[in-house]
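Trainee: I would like to go through how the helices pack in this model. Can we start from the residues that touch?

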Amino acid sequence: MKSGKLVALATTGVLALAGCASGSPQVAAYVGDSQISQAQVDQVAQVLADTSSDPEDTAGGFAPTVVQLMIQNEIVGVAADAKKLTVPDADRAAAIAGDATLSALSKNPLTTDFITSYVTTQMLLNTEAGATAAQEVALATPIRVNPRFGVWDDTRLGLIQGSSGSLSELAPLKQE
């Protein structure tokens, strides 16, 4: 009988903890109502690792950067739509063609959309109107990042370097 109560108590505890979780492990980040899936991140990160000339580079090492860039792409996309900001196709194509790595990655069907969005984002962030609009959207949009990638900073439009990604924090010491 005691084991039945323990199982019920353990099950209740697990369900309560699951209810406290604010996301799915299959989601790398939430940007407003949009999700960036772990599968999307893994796909791009793997291509980057496979095309890198450094044998030390891994998909896992690229993943936080990919998450950050995908969040930026989402924010700038919303900002561009709201403020009617555009990048001419010819300018984007010239920027991609002018960089051998971007050019190669843009030809890979697994990274074509990512590279197009990345270049558009960077070009818009390099304008005063784009940077201002992106900052406004970032501050008004709830952004939650899977803790394994770190902590999002709205003011810098990026992940905080050196964040632990830990799900827990130390409790403050009780002062007597």
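Trainee: Which residues in α6 do V66, L69, M70, Q72, N73, V76 and A80 in α3 meet?

Mentor: This is a predicted model, so the contacts are computed ones. The α3 side of the contact includes V66, M70 and A80. Their partners in α6 are F114, S117, Y118, T121, Q122, L124 and L125.

Trainee: How do the residues of the contact of α3 with α6 divide into nonpolar, polar and charged?

Mentor: Tyr counts as nonpolar, so Y118 falls in that class. The residues of this contact divide into 9 nonpolar, 5 polar and no charged.

Trainee: At what angle do the axes of α3 and α6 cross?

Mentor: Two packed helices are described by the angle between their axes and the distance between the axes. Helix α3 covers residues 59-83 and helix α6 residues 112-125, with axes that come within 9 Å. The crossing is left-handed. The angle is roughly 65 degrees.

Trainee: Is α2 roughly parallel or oblique to α3?

Mentor: The axes of helix α2 (residues 38-51) and α3 come within 8 Å and cross at roughly 125 degrees. Angles from 65 to 115 degrees count as roughly perpendicular and those over 145 as roughly antiparallel, so this one falls in neither class. That makes α2, relative to α3, oblique.

Trainee: How many residues of the contact of α2 with α3 are nonpolar?

Mentor: In α2 the contact includes V41, V44 and L48, and in α3 it includes F62, V66 and M70. The contact has 2 polar residues and no charged ones. The nonpolar residues number 11.

Notes: Residues numbered from 1 in each chain as written. Predicted model: local features only at pLDDT ≥ 70, side-chain atom pairs only at ≥ 80, totals over all residues. Heavy atoms only, no water. Axes fitted to C-alpha atoms, helices over the stretch in contact; angles between N-to-C directions. Helix = DSSP H or I, 4+ residues; strand = E, 2+ residues; numbered from the N terminus. Left-handed = near helix turned anticlockwise from the far one by under 90°. Contact = heavy atoms within 4.5 Å. Parallel < 35°, antiparallel > 145°, perpendicular 65-115°, else oblique.
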